[in-house]
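Colleague: I am new to reading protein models. Could you take me through this one, step by step?

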Amino acid sequence: MGSSSSSINHIPDAEKLMQETGFSAAHIFRLYERFEVLDRDGTGQLRPEDFGAVRELAMNPIGDRIIRAFFSPGQETVDFAAFVRILAHFRPTVTNWTRDGAQTEPANSRTRKLKFAFQLYDQDRDGKISREELLEVLRMMLGLQVTEEQLQSIAERAIQEADLDRDDAISFDEFRKSLEKVNIDHKMSTRFLS
Amino acid sequence: MAVLWTLSLLLSACLFWPACLALTPPAELPQTHNLPPSLGFNSSDGGLSVDLPMALRVFSVDYHHVQAPFEIVLWIMLASLAKLGFHWSGRVPAVVPESCLLIMVGLLVGGVIYGVRHSAPPTLSADAFFLFLLPPIVLDAGYFLPGRLFFENLGTILWYAVLGTLWNVLGIGLSLYGVCLLAQSSLGDVSLLHCLLFGSLIAAVDPVAVLSVFQEMHVNEQLHILVFGESLLNDAVTVVLYKLFESFLRLPSVSGLDVLLGGCRVVVVGLGGLFVGLFFGLVAALTSRFTSRAQVIAPLFVFLYSYLSYLTSEMLHLSGIMAIVACAVTMKQYVEANVSERSNTSIQYFLKMWSSVSETLIFIFLGVSTIQDVHMWSWPFVCSTLLLCLVWRATGVLLLTAVVNKLRRNTVTFRDQFIIAYGGLRGAICFSLVFLIDDFPKKRLFITTTIVVILFTVFVQGMTIKPLVELLDVKRKKRALPTVSEEIHSRLIDHLLAGIEDVVGYWGQHYWKDKFEQFNKKYLRRFLIREDHQARSSILRVYQELERRDQRGDEEAPALVDPRSHSRPLLPEEMDSIRRILSRNLQNFNNKQTPAYSRHTLHQDATLDRTRKPLHRHQSLGERYTYNTQGEDAEFNGSRRVRAGLSRSHTVCSSSPRPFLQDSSAQSRGPVVPTTPPAREQQISPQHAAPVGRAPKKQLSFVLESEKQP
């Protein structure tokens, strides 16, 4: 994948993004192509409707939340840099390209991945998954197959298991602890080049 | 004491049976020595009869009349009794795999027959093996194949199966030729093609032997599916190479074009078998759609179509094993949705039964067949073959894994590689193939060598693999009970990743699965599944059964959940129902928790999705037999104990890392008219106690581990 920097010259801040996120030039190039496909009106910004055009995402039980996760709170649009930064969470951890002087934790570290998943639950960003937030997600995932009582009991059980400080909500640390046996690096990674 | 009992049982079986054979005059061996008399078709002249001169015969014995089926039944009886004895024989099963014991029984029987008759005992004819004994085993394996795990690892499996086999075949063949050249004096007349032919049949890893040994070990499912999948799929390569070299032997000369055509043949054979299987699988699924009015014969269709697919592909010289596996995998989900619960159970039980019998017979015959009239022995040839098999397999696995690990995310560790290499057992397929070779001077040598290799791999490798595994501490399947949180969050992450991959437009691990699922839902299911069974999902059915059972059994127990009582600890049955809901409702893409295949236990996952299987709830052995559901408070204890009993019978080998009690579903699906829960539990428990007698013994090594469960 030699120096394809010539092809990414027209991508804004490509080098900086590469450094920040650890994506290679080829990755950036491919993501940019995809960004352009999604950005149908060519404004260089993505809106929720653009994401909605991805048909499979519409059928995903938590599709809305995923889309919302791309947008920072209060923002209506996503530019390419933000797009890439979000996707950087899903890089496999084993293929960290060497970077010099990385001060901040890489985006695809286990903690950052878990944080991303945590925020899918925690919509009000208070750092805790309350019972209602958990129930909402459960409802989305389990759909119409299950009665409300069953949902309640599932949520109850989940909170019981994870909630160590008995505040009837799951904090990020408790969340992380409950997933310690799961191979997050594998589960939350995807290869970005076919 | 149990050992004595066993031995006496075996001895009586062994003596009773040859006595029958001894009654018949020795069969005339048909034609040459090369085609040993096939099983059960010895001709004999006449029967005995008690003659009363000039009067009616009051009592006569006409053995000749029933000879063929009689002998077959006796063989099967011997096999089954040996198997029973095996399970009753104390600590032996823990050390010696069943296959070894069966071969030893076979040796014993063969020796007895030889001693009595002074001629070779009946051996396993290739036809009987390929047409009757092998299909049930492969069908059973295919039907219970953990589909998702298999397809996830398909690339790796194919890599090992195709390239690995090629590597082994060429390596062994060429090296053996080198050995023959070196030992010109004794082995000079073995040509290169003969060596390659021999290599092709000896290199193939045998699914029967592999399965029977891996049963004893609890390795993680990924490893299991790799070895098992490889042994299944390399059939295509093996058969083609074998036939190829055989036809080359008949040709006056071999050109490059022939080799190229041979390569194409591999593809054709493999894919052809696959398509034949697919076709029959779909037809079977369609047929099962209409069986609602004649439910009793529904299982029959499963067997008939599978067997048809096997025979058809054999007829077309395609890979029968691939056909039957493809057929089973294809039709399974539709058949399960279409036929009644009892039919499902019947299908599964019959599959298990037949495959058990087949496997036992195969091993016994392997033992019997080693007692031959003429063995040709050659130290250099035999020893070098053994050595080369090991060496080439080891190097092959190492090299292939080095390459494939770069492309996989779940790397195959070194320990896994060792198990793959060491677990490459040879079995009856090699044996049958070697008999089919056209006659040539050194054929006897090949037969002897094959037998030695098989015996060596089964005995030595089979017996030592478990200690070695323990030594190397192969990453066993995790046994901790998964928490509900884990499951929920894992599913969320699965959905998340699927979504991300959609955003990226990348065809990740979910893409093809999703595509197939969509296609499946839209077209296949609507076409192949009965109308009224489509709407309700399996989870709802099970859940309703569960609720019904709960409510019927114990009025005092809360219906399911009182939403207001937040802090009450959940009852186990509620826990089970929750788990069930989660595991079935939540679309799970990366479901690695499917149970591995097990020959001897029937996993009652008679529903579309696979539930996780119980690992163990270890209570003492006595509990299974001493439950009393009425006396204890609530259904809680009784059902818990019954579940324990049921779970024990399922635990032997194939357990998932996430144990999951689904015996409630077993109960609700059990072949019992739901009357009252206690009665049903009673009926189910002994029923499940029957199939796996050795489960209690097996638990010993795992009691400690399970105790650590939170």
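**Chain B, from fold to core**

Modeller: Take the contacts in chain B between residues at least 6 apart in sequence: 83% of them join residues at least 24 apart. Keep in mind that this is a predicted model.

Colleague: How many helices and strands does chain B have?

Modeller: Look for strands in chain B and the tally is 0. The secondary structure is helical, and the helices come to 28.

Colleague: What share of chain B is buried?

Modeller: Chain B has 710 residues. Buried here means under 20% relative accessible area. By that cut-off, the buried share is 59%.

Colleague: Are H7(B) and H9(B) parallel, perpendicular or oblique to each other?

Modeller: H7 of chain B covers residues 154-182, and H9 of chain B covers residues 192-202. Their axes come within 8 Å and cross at roughly 140°. Angles over 145 degrees would count as roughly antiparallel, and 65 to 115 as roughly perpendicular. The crossing angle therefore makes H7(B) to H9(B) oblique.

Colleague: Which class of residue is absent where H7(B) meets H9(B)?

Modeller: H7(B) brings residues including Val169(B), Leu170(B) and Tyr177(B), while H9(B) brings Leu192(B) and Phe198(B), among others. By class, the contact has 12 nonpolar and 3 polar residues. The class with no residues there is charged.

Colleague: Which helix gives the largest share of the largest nonpolar core?

Modeller: That core has 128 residues. Trp75(B) and Phe129(B) are among those with the most contacts inside it. One helix of chain B, spanning residues 221-250, supplies 14 residues, the largest share. That helix is H11.

Methods. Residues are numbered from 1 along each chain as its sequence is written. Chains are lettered from A and ligands numbered from 1 in the order in which they are written. This is a predicted model: local features need pLDDT of at least 70, side-chain atom pairs count only at pLDDT 80 or more; totals for chains, interfaces and linings use all residues. Side-chain values use heavy atoms; hydrogens and water are left out. Axes are lines fitted to C-alpha atoms, for helices over the stretch in contact, and angles run from 0 to 180 degrees between N-to-C directions. Helices (H or I, at least four residues) and strands (E, at least two) are DSSP runs, numbered from the N terminus. Angles under 35 degrees count as roughly parallel, over 145 as roughly antiparallel, 65 to 115 as roughly perpendicular and the rest as oblique. Contact means heavy atoms within 4.5 Å. Ala, Val, Leu, Ile, Met, Phe, Trp, Tyr, Cys and Pro count as nonpolar, Asp, Glu, Lys and Arg as charged, and the others, Gly among them, as polar. A nonpolar core is a set of buried Ala, Val, Leu, Ile, Met, Phe, Trp, Tyr and Cys residues joined through side-chain atoms within 4.5 Å. Buried means under 20% relative accessible area, exposed over 50%, partly exposed in between (1.4 Å probe, protein chains only).
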